[in-house]
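Here is a short briefing on one protein chain. Look over the model first, then read the points by topic.

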Amino acid sequence: KAAPGALSVALSIYGLAYVAVCFIAGPRPPSFLFDAIPAGLGRKVGGFLLWIHVAVSYAINSQAFCSSVDRVVGHRVKICGLNGKHRVRWGILTALVAMASYLIANSIPFFKDLVALCGAATSIPLTLLIPAIFYRRVQGVPLFFPTLHSKYSWLLLVFSFVFMLVGLIGAIGSIDVDWSNTSGPFACH
């Protein structure tokens with residue numbers, strides 16, 4: 001019963017902090033809003049709070065992802081008897097996700113590139129492609145062949161694939177340009 005109240009307090013604090021930072025940024029905020037905070041103690045406190053925000057967000061999302069992966073494939077892993085060793089399997093899975101996250105975050109030069117790549121890879125499938133596939137499955141029509149009664153969902157499938165491909169090409173192209181203009185992956189920027 002306390003969760004909705006705690007969530008509303010947390011969202012209110014988050015909203016007020018956002019409004020305060022927007023106010024501090026002025027009429028022409030920098031592209032990374034955190035850069036609007038002047039150097040000094042306030043920026044250090046803001047950096048620390050940003051670090052806590054990222055760490056907590058990662059922990060929450062990582063645990064949800066690891067739980068889903070473990071639920072789907074964890075019990076099938078027979079190597080070294082891991083299908084019965086839940087804590088060991090969980091530790092290995094969490095470490096693999098942390099290492100993959102580190103590699104991805106450090107191989108992509110700028111945050112805007114990471115956001116573009118994640119958006120191109122996930123936004124279109126979640127909002128356009130998967131609903132069209134589900135619709136076609138429920139209607140019992142062939143997935144990749146148009147029929148008279150399913151031409152619009154087929155066009156949505158085609159549009160989704162093309163749109164996703166163009167987005168991925170653009171995101172990867174942007175990463176390539178940034179790699180060639182900077183020192184490449186795993187460099188400090």
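**P30, I124 and L41**

P30 is partly exposed, at 32% relative accessible area. Buried means under 20% relative accessible area, exposed means over 50%, and partly exposed lies in between, with a 1.4 Å probe and protein chains only. This is a predicted model, in which local features need pLDDT of at least 70 and side-chain atom pairs count only at pLDDT 80 or more, while totals for chains, interfaces and linings use all residues. Residues are numbered from 1 along each chain as its sequence is written, and side-chain values use heavy atoms, with hydrogens and water left out.

- P30 sits in the loop between α1 (2-25) and α2. Helices (H or I, at least four residues) and strands (E, at least two) are DSSP runs, numbered from the N terminus.
- From P30 to I124 the C-alpha distance is 28 Å, with their positions 94 residues apart in sequence.
- I124 belongs to helix α4. I124 is buried, because its relative accessibility is 9%.
- I124 and L41 lie 41 Å apart, C-alpha to C-alpha, and 83 residues apart in sequence.

**The nonpolar surface patch**

- L41 is part of helix α2 (residues 41-73). L41 counts as exposed because its relative accessible area is 66%.
- L41 joins V45, F48, L49, W51, I52, V56 and I60 in a nonpolar patch on the surface.
- Together these residues offer about 840 Å² of accessible area. Such areas come from the Shrake-Rupley method with a 1.4 Å probe; for residues, only the protein chains shown count as cover.
- Patches are made of residues with over 30% relative accessible area and no salt bridge; like charges are joined within 9 Å, and nonpolar side chains (Val, Leu, Ile, Met, Phe, Trp, Tyr) within 5 Å.

**How α2 meets α3**

- Two packed helices are described by the angle between their axes and the distance between the axes.
- The axes of α2 and helix α3 (residues 86-107) come within 10 Å, and they cross at roughly 125°. That makes α2 oblique to α3.
- Axes are lines fitted to C-alpha atoms, for helices over the stretch in contact, and angles run from 0 to 180 degrees between N-to-C directions.
- Angles under 35 degrees count as roughly parallel, over 145 as roughly antiparallel, 65 to 115 as roughly perpendicular, and the rest as oblique.
- The α2 and α3 crossing is right-handed. A crossing is right-handed if the near helix is turned clockwise from the far one by less than a right angle, and left-handed if anticlockwise.

**Salt bridges**

- The structure holds two salt bridges. Each is a side-chain nitrogen of Lys or Arg within 4 Å of a carboxyl oxygen of Asp or Glu.
- K112 pairs with D113, with the closest N and O atoms 3.3 Å apart.
- D178 pairs with K112, and here the closest N and O atoms are 3.1 Å apart. D178 lies in helix α5 (residues 151-181) and K112 in helix α4 (residues 111-139), so this pair ties together parts that are 66 residues apart in sequence.
- K112, D113 and D178 are thus linked in a network of salt bridges.
- K112 is exposed, at 52% relative accessible area. D113 is buried, at 1%. D178 also counts as buried, at 11%.

**Contacts along α4 and α5**

- A121 is placed in helix α4. With 38% relative accessibility, A121 counts as partly exposed.
- A121 and M164 are 6.9 Å apart in space, C-alpha to C-alpha, and 43 residues apart in sequence.
- I169 is found in helix α5. I169 is exposed, because its relative accessibility is 55%.
- Between the C-alpha atoms of I169 and A120 the separation is 8.9 Å, and the two are 49 residues apart along the chain.
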